[in-house]
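Me: Please pick one part of this model and take me through it closely. Then show me what surrounds it and how it fits into the rest of the chain.

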Amino acid sequence: YGFINTCLKSLVVEKYGEETWEKLRLQAGVQDSFLTFEVYKDEITMQLVDKACQILGVPADMVLREFGEYFFEFCKRSGYDHMLRTLGGNLYEFIENLDALHSYLSLSYQANTEVLFLFVFPQEMNAPSFRVEKNEDGSMHLHYYSDRRGLCHIVPGIIGAAALDFFNIEISMEIVNQTEEEERTGKKEHIVFLVTQNPVFSYKERNEFSSSPQYLGDSEKQIENQLNKEDLEKAKNTIRDRGSSVCPVKKSHWKTIRGIITLGKGKLLRGFDPVYPKSLWIDTKTFCNGLPFHMVFDKELRVKQAGVSIQKIVPGLQTMGICLDHYFSIVHPEVPFTISSIQKFINSQFVFQTRREMMPESWKQRPMLELRGQMIWMESLQCMLYLCSPLLRTLHELEERQMHIADIAPHDVTRDLILLNQQRLAEMELSNQLERKKEELRILSKHLEEEKKKTEALLYAMLPQHVANQLKEGKRVEAGEFKECTILFSDVVTFTNICAQCEPIQIVLMLNSMYLRFDRLTTVHDVYKVETIGDAYMVVGGVPVPVPTHAERVANFALGMIIAAKGVQNPVSGNPIQIRVGIHTGPVLAGVVGEKMPRYCLFGDTVNIASRMESHGVPSKIHLSSSAYQCLKCKNFEMTERGEIEVKGKGKMHTYFLIRNKTATENEIMGRP
C-alpha cells in the first residue's frame with residue numbers, strides 16, 4: 001500500500017528536507033505522492049531504500065532501523081495508537097499477539113493483502129510471522145520468519161520504539177542466528193533476535209511502575225521480590241487500619257497493590273487457582289452444535305471430532321479417523337502440516353483452507369472456504385483442539401460460498417465482523433475516491449501553477465515586473481518621470497536592400513537569430529528591452545528601476561551587440577551583418593499605453609536624440625551623444641571624438657564613438673563563463 005511509501009517520504013522530508021526527498025525520488029524514478037490504500041509494486045519501496053542509503057551515505061541496516069522507529073510513530077499518528085496499546089500488558093504479550101493483529105488488519109483492508117505490524121504486503125509475498133520464547137534470565141528470543149530477505153533490520157526499530165513508548169523499557173536486539181528453513185512454499189528466512197530489557201527509569205520509579213496492573217510480571221514471585229520487608233509491613237498496617245479511617249487520603253501505589261491482593265490470603269488475584277468440575281457438564285451433541293466450527297485431531301492428524309457446520313461443508317469429516325491434511329492445507333503460518341510444526345507455532349492463529357479436489361461437486365466451482373482460529377494441545381488426550389470460525393470478510397464472500405449468517409454460531413463475533421467490515425469497506429472505497437480526487441486536484445493545481453509561471457514569464461517579458469503586477473491586480477499604472485537614463489537604438493545596415501533580395505522567411509530567421517543574442521545580453525547587463533520595430537532594437541538603462549550605473553550598463557550592452565552581430569549571417573552576401581548603434585542620456589517620461597496589448601513606452605526628446613544618434617551613426621560603430629560621453633568619460637571606457645555633425649531636427653551636435661571597455665574582457669562583455 002501507498003501507506004508505506006508515504007511514511008518513507010515523510011521520514012526523509014522531516015529529517016533531511018524536501019530537496020533530499022526530491023533528489024531521492026528522481027534517482028529512484030518514482031512519483032512524488034502515493035495513495036494510502038493503493039497497492040504499489042514492492043520494487044518501489046526497495047528502490048527508495050536503496051537510493052536513500054546511497055544519498056545519505058549510511059548502511060542499509062541503519063536506514064531500515066530508523067525507518068522502523070519512525071514507522072511506529074507514523075502509525076500512531078495515523079490512528080492506530082489505541083489498537084497497538086491493547087495488544088498486551090507487557091512486551092512478551094505484545095509480540096505474541098502481533099500475528100493476531102495482522103490477521104485482523106487483513107480483514108479491515110482489501111481482501112488480497114496481509115500486514116506486518118501495519119507493514120503491508122500483498123498476500124502472494126507471504127507476510128512475515130513472529131514467534132517469541134521466554135528465557136530464564138528474563139530475556140526473550142524473537143523468531144522472525146520472512147520470504148523477503150534484507151528487511152529484518154526494520155524489526156528492532158519497530159519493536160524497540162513500541163517497548164519504549166508502551167512499556168517504558170529500553171531494549172537491545174541482536175541477531176543470534178540466521179538460517180533458511182525449507183517450508184511448504186519454499187525457502188524462508190529465519191532470523192532469531194535476542195531481546196534484553198533494560199528499564200530506562202530510576203529504581204524508585206521502577207517500583208512505582210511495576211506496581212501498576214499492566215506491568216505486574218508474569219508471576220507472583222516477580223512482584224514479591226520487588227517489595228522489601230519494611231514496605232510489606234507498612235502495607236499490612238495500612239490494611240489493618242483501613243476500617244478506622246474516615247478521611248479521604250491521597251492514593252499511593254501501595255493502595256494499587258492492595259487493590260489486587262486478596263485480603264487475608266496475600267495471594268495475587270492474577271495468580272489465582274482455577275476450579276474445575278469433576279466431570280464435564282456438557283454432552284457431545286451440545287458441544288458440536290454449540291461450537292459448529294471446531295475439530296479435534298491426534299498426533300497422526302486423524303480427526304476424532306468435528307463441529308456440525310464444518311461437517312456440512314466438508315462431508316468427509318463425518319467419517320471419523322480420516323486424515324485432516326487430506327481435506328485441508330495450512331495457509332498461515334507457513335509451516336508443514338505436522339503436529340510438531342503446529343506445536344511450534346501454537347501461539348499463532350492458524351488459517352486452514354479446504355482442498356478443492358476433496359470437496360463435493362457443488363463446492364468445486366465456488367471459492368474455497370478458509371477457517372481461522374487457535375490450536376489448543378490437550379496433553380491428557382494427546383490430541384489437538386482447533387477452535388475456529390469461517391474467515392469471511394464481506395457479505396459478498398459469504399454469498400460466493402452459498403453460506404448464510406445462520407451457519408455461524410450466535411456467540412461467534414464473525415457475524416458482527418462481516419457486517420461491520422462490509423460497512424468499513426464501503427467507507428474505505430469512499431475514502432479512496434476522495435483521496436484520488438484530492439491527488440487529481442493536487443496534480444491539476446501543480447500544472448496550473450506551472451502554466452501560471454509560464455504566463456507570468458511571458459507577461460514580464462512584455463512589461464516590467466512591478467508594472468505587470470499592478471495590472472494583474474487591476475490597478476491603474478501611473479506614468480513616471482525619470483530624471484536621467486540612457487537609451488540605445490540599433491538597426492541593420494542596408495536592411496532595405498537585404499529585404500528586397502531575400503525571401504521573407506530568410507529575413508525572419510536572420511532577425512530572430514540576431515534578437516536572441518541581443519535578448520540574452522539584456523539579462524547579462526540588466527538593461528530593459530523596450531521594443532523592436534523591424535530591424536530596430538531599443539533598450540534603456542535606469543528605467544523602470546533607477547540605477548546610477550545606467551550609462552555603463554548600456555555601453556557594455558552596446559559593445560556586446562557589436563560582437564554578437566558578427567555571428568549573424570547576411571542571407572544575401574553570406575558575410576556577417578553590420579549594425580549601427582546610437583546612445584543618448586537624458587530625462588524621459590515612462591508609462592503604459594493602451595489596454596489591448598499594452599506596452600511600456602518612453603516619451604521625451606531623449607528618445608528622439610538617441611534615435612538620431614543611431615541614424616547618423618557609422619556601420620559597426622557605437623555613436624555617443626555628448627551627454628552620454630560625459631557619463632562615461634571617467635568610467636574606464638575608451639572613446640574617440642567624432643566632432644560636430646549636422647543632426648536632422650537638432651542642428652549641429654558634438655558626438656563621440658565608443659571603442660571598448662578598458663577593464664572588461666570579451667567573455668565578460670558577452671557573459672560567457
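Reply: Start with a term. A residue is buried when its relative accessible area is under 20%, exposed when it is over 50%, and partly exposed in between. Keep those two limits in mind. They come back several times.

This is a predicted model. The part to look at is helix α7, which covers residues 154–167. It has 14 residues. From its first C-alpha to its last, α7 reaches 20 Å, close to the 20 Å expected at 1.5 Å a residue.

Now look at how covered the helix is. Twelve of the 14 residues in α7 are buried. The run begins with Ile154, Val155, Pro156 and Gly157. Ile158, Ile159 and Gly160 are buried too. So are Ala161, Ala162 and Ala163. Near the end of the list come Phe166 and Phe167. Just after the helix, Asn168 takes a positive phi of about 55°.

Pick out Ile159. Leaving aside residues up to four places away in sequence, Ile159 touches Leu91, Ile95, Leu98, Leu142, Ile171 and Met173. Ile159 also belongs to the largest nonpolar core, which has 55 residues. Within that core, the residues touching the most other members are Leu48, Leu91, Phe94, Ile95, Leu142, Ile159 and Phe193. The largest share of the core, ten residues, comes from helix α4, residues 60–85. There is also a second, separate core of 41 residues. Among its members are Cys502, Leu511, Phe518 and Ile583. As background, nonpolar side chains tend to be buried together in soluble globular proteins.

Move to the other end of α7, at Phe167. A useful partner here is Gly88, in the loop between α4 and α5. Helix α5 covers residues 91–96. Gly88 touches Glu93, Phe94 and Phe167, again not counting residues up to four places away in sequence. Gly88 and Phe167 are 79 residues apart along the chain, yet their C-alpha atoms are separated by 10.0 Å. Is Gly88 buried or exposed? Gly88 counts as buried because its relative accessibility is 14%. Phe94, which Gly88 touches, is also one of the core residues that touch the most other members.

Now step back to the protein. It has 24 helices and 22 strands. Buried residues make up 45% of its 673 residues. Take the contacts with a separation of 6 or more: residues 24 or more positions apart account for 60% of them.

One record adds a label. UniProt, in an unreviewed entry, places a "coiled-coil region" at residues 420–458. In the model, that stretch is 100% helix and 0% strand. Its end C-alpha atoms are 56 Å apart.

Next, the cysteines. The structure holds zero disulfides. Take Cys499 as a case. Its sulfur is 7.6 Å from the closest cysteine sulfur, in Cys502, so the gap is too far for a bond. The cut-off for a disulfide here is 2.5 Å. Cys499 has a relative accessible area of 30%, so it is partly exposed. Cys502 is the one listed in the second core.

Some loops have unusual backbone features. A cis peptide bond joins His332 and Pro333, with omega about -5°. Pro333 sits in the loop between β11 and α15. Another cis peptide bond joins Val543 and Pro544, with omega about 0°. Pro544 is in the loop between β17 and α21.

Two further loop residues are not glycines, yet each has a positive phi. Ser620 has a phi of about 60° and lies between α22 and β20. At 35% relative accessibility, Ser620 is partly exposed. Asn636 has a phi of about 65° and lies between α23 and β21. Asn636 is partly exposed too, with a relative accessible area of 45%.

Last, confidence. The mean pLDDT of the protein is 81, and 83% of its residues reach 70 or more. Over residues 110–125 the pLDDT is below 50, and this stretch has 53 contacts beyond near neighbours in sequence. Over residues 238–251 the pLDDT is also below 50, with eight such contacts.

Definitions and conventions. Residues numbered from 1 in each chain as written. Predicted model: local features only at pLDDT ≥ 70, side-chain atom pairs only at ≥ 80, totals over all residues. Heavy atoms only, no water. Helix = DSSP H or I, 4+ residues; strand = E, 2+ residues; numbered from the N terminus. Expected span 1.5 Å × (residues − 1). Buried < 20%, exposed > 50% of the residue type's maximum accessible area, 1.4 Å probe, protein only. UniProt positions renumbered as here; feature names shortened; annotations may be inferred. Core = buried A, V, L, I, M, F, W, Y, C linked by side-chain atoms within 4.5 Å. Contact = heavy atoms within 4.5 Å. pLDDT = per-residue confidence, 0-100.
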